[in-house]
Amino acid sequence: MTFEEVNKKRRSVRDFLDKPVSEDLIQELLKEALEAPSSSNTQPFKVVVATGDTLQAIGEDLTNKYRKSLTLRKKNIFGKLITAYQYRLTPNKVYQTIQGKYPGIYQDRRVKTAIGLYEVLGIKKEDRKKRNEELEKNFYFFGAPAAIWIYADPKMKYTALVDTGIFMQNFMLACTAKGLGSCPQGALNLWREPVDKYYDVPKGYELVCGISFGYPSDAKVNSYRPEKLSVEELLVKKK
Ligand SMILES: Cc1cc2nc3c(=O)[nH]c(=O)nc-3n(C[C@H](O)[C@H](O)[C@H](O)COP(=O)(O)O)c2cc1C
């Protein structure tokens, strides 16, 4: 495939075949990702790779946390605090995803993207139960046989996040080029101790994002191609 083909083909995949990704292939993907540029070549990141039983155990733990977090909505403030403490539901703090609404136009774009996705899935906007079930799939990696978690060194400030993002995109494009699919997931940085439990993440590193990957199924959800901005919308006008 040409670069344009790989770039166009890469879309977030949310349903995977039950087919393992070989160790050798995972090594190749990581090598491709490591070709990414980084500020002064500092490469301020570390990666956890999980497959098999470990991935399953992490998925179970994350799913339990997600289910518990849903019960918070119905509790009063004390109930919320007690349950959050008891089940360690406080979100990962440094590079946390925004809780609640996004600011301004970003909330509009988010809602539009979500509505488009639910349309493809045949889920009505007001069907919260179905939407929650769909969200829950994040925590068992949409059935993917492998996932990575990318940690960055916050001592490198914002460049750590820029470098991590470029690394992630290289990884995802490499997946596409090799016939795999991937989904970057902020959902996988909500809680980090299910992953930290199994891996010796260096002290001080902060979890930025997770990526599920594997062989895409032909489920309808994988046909979703959300609209991107036009170049005109992107460009800043001259004064
Ligand atoms: C930082 C980041 C976090 C994301 N988090 C999630 C997530 O938690 N769950 C999910 O299904 N998709 C997630 N996505 C995928 C986006 O929804 C997707 O990239 C966007 O809708 C554009 O679609 P495309 O990737 O198919 O081009 C995330 C993407 C990025 C870059």
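The following conversation goes through a predicted model, asking on what grounds each description of it rests.

Student: Which residues come nearest to the ligand?

Tutor: Of the 14 residues around the ligand, those that come nearest are Ser12, Arg14, Asn138, Gly186 and Lys228. By class, this shell holds five nonpolar, five polar and four charged residues, and strand β3 (residues 181-185) supplies its largest share, three residues.

Student: What makes the approach of arginine 14 to the ligand a polar contact?

Tutor: A polar side-chain atom of arginine 14 lies 2.7 Å from an oxygen atom of the ligand, and a polar contact is a pair of N or O atoms within 3.5 Å, so the pair qualifies as a polar contact. The backbone takes part as well: a backbone N or O atom of glycine 186 lies 2.7 Å from a nitrogen atom of the ligand, and a backbone N or O atom of alanine 187 lies 3.0 Å from an oxygen atom of the ligand. On its own the ligand has 610 Å² of accessible area, of which the protein covers 65%.

Student: Why is the pair of phenylalanine 45 and phenylalanine 167 called tilted?

Tutor: A search of the whole structure finds five aromatic pairs. In the pair of phenylalanine 45 and phenylalanine 167 the ring centres are 4.7 Å apart, and the planes stand at 40 degrees; since planes under 30 degrees apart count as stacked and those over 60 as edge-to-face, the rest being tilted, this pair is tilted. Phenylalanine 45 lies in strand β1 (residues 45-51) and phenylalanine 167 in helix α7 (residues 157-177), so the pair ties together parts that are 122 residues apart in sequence. Both phenylalanine 45 and phenylalanine 167 are buried.

Student: What makes the pair of phenylalanine 171 and phenylalanine 213 edge-to-face?

Tutor: The planes of phenylalanine 171 and phenylalanine 213 are 85 degrees apart, with 5.0 Å from centre to centre, and an angle over 60 degrees counts as edge-to-face, so that is the name the pair receives. This pair, too, links distant parts of the chain, with phenylalanine 171 in helix α7 and phenylalanine 213 in strand β4 (residues 206-214), 42 residues apart.

Student: How do you know whether phenylalanine 171 and phenylalanine 213 are buried or exposed?

Tutor: Buried means under 20% relative accessible area; phenylalanine 171 has 0%, and phenylalanine 213 likewise has 0%, so each of them counts as buried.

Student: Which residues do ring pairs link into a cluster?

Tutor: The cluster that ring pairs link consists of Tyr66, Phe139 and Trp191.

Student: What makes arginine 110 a charge that sits over the ring of tyrosine 102?

Tutor: The charged end of arginine 110 is 3.8 Å from the centre of the tyrosine 102 ring, whereas the cut-off for a charge over a ring is within 6 Å, together with a position within 35 degrees of the ring normal. Lysine 19 lies over the face of tyrosine 215, at 4.0 Å from the ring centre.

Student: What is notable about the phi of serine 40?

Tutor: Most residues other than glycine have a negative phi. Serine 40 is not a glycine, yet its phi is positive, at about 50 degrees. Serine 40 belongs to the loop between α2 (23-33) and β1, and at 72% relative accessibility, against a cut-off of over 50%, serine 40 counts as exposed.

Student: Where is phenylalanine 141 placed, and what makes it buried?

Tutor: Phenylalanine 141 is in the loop between α6 (128-136) and β2 (146-152), and its relative accessible area of 2% falls under the 20% limit, so it is buried. Phenylalanine 141, which is not a glycine either, has a positive phi of about 65 degrees.

Student: Why is arginine 192 called buried, but asparagine 170 partly exposed?

Tutor: The two values fall on opposite sides of the 20% cut-off: arginine 192, at 17%, counts as buried, while asparagine 170, at 23%, counts as partly exposed. Arginine 192 lies in the loop between β3 and α8 (193-196), and a polar atom of its side chain is 2.9 Å from the backbone oxygen of tyrosine 205. Asparagine 170 is found in helix α7; from glutamate 32 it is 138 residues away in sequence but 6.8 Å in space, C-alpha to C-alpha.

Methods. Residues numbered from 1 in each chain as written. Predicted model: local features only at pLDDT ≥ 70, side-chain atom pairs only at ≥ 80, totals over all residues. Heavy atoms only, no water. Near = heavy atom within 4 Å. Polar contact = N/O pair within 3.5 Å; in protein donor to acceptor, adjacent residues only side chain to side chain. Areas by Shrake-Rupley, 256 points an atom, 1.4 Å probe, with all protein chains shown as cover. Helix = DSSP H or I, 4+ residues; strand = E, 2+ residues; numbered from the N terminus. Nonpolar A, V, L, I, M, F, W, Y, C, P; charged D, E, K, R; others polar. Phe/Tyr/Trp six-rings, centres within 6.5 Å; stacked < 30°, edge-to-face > 60°. Buried < 20%, exposed > 50% of the residue type's maximum accessible area, 1.4 Å probe, protein only.
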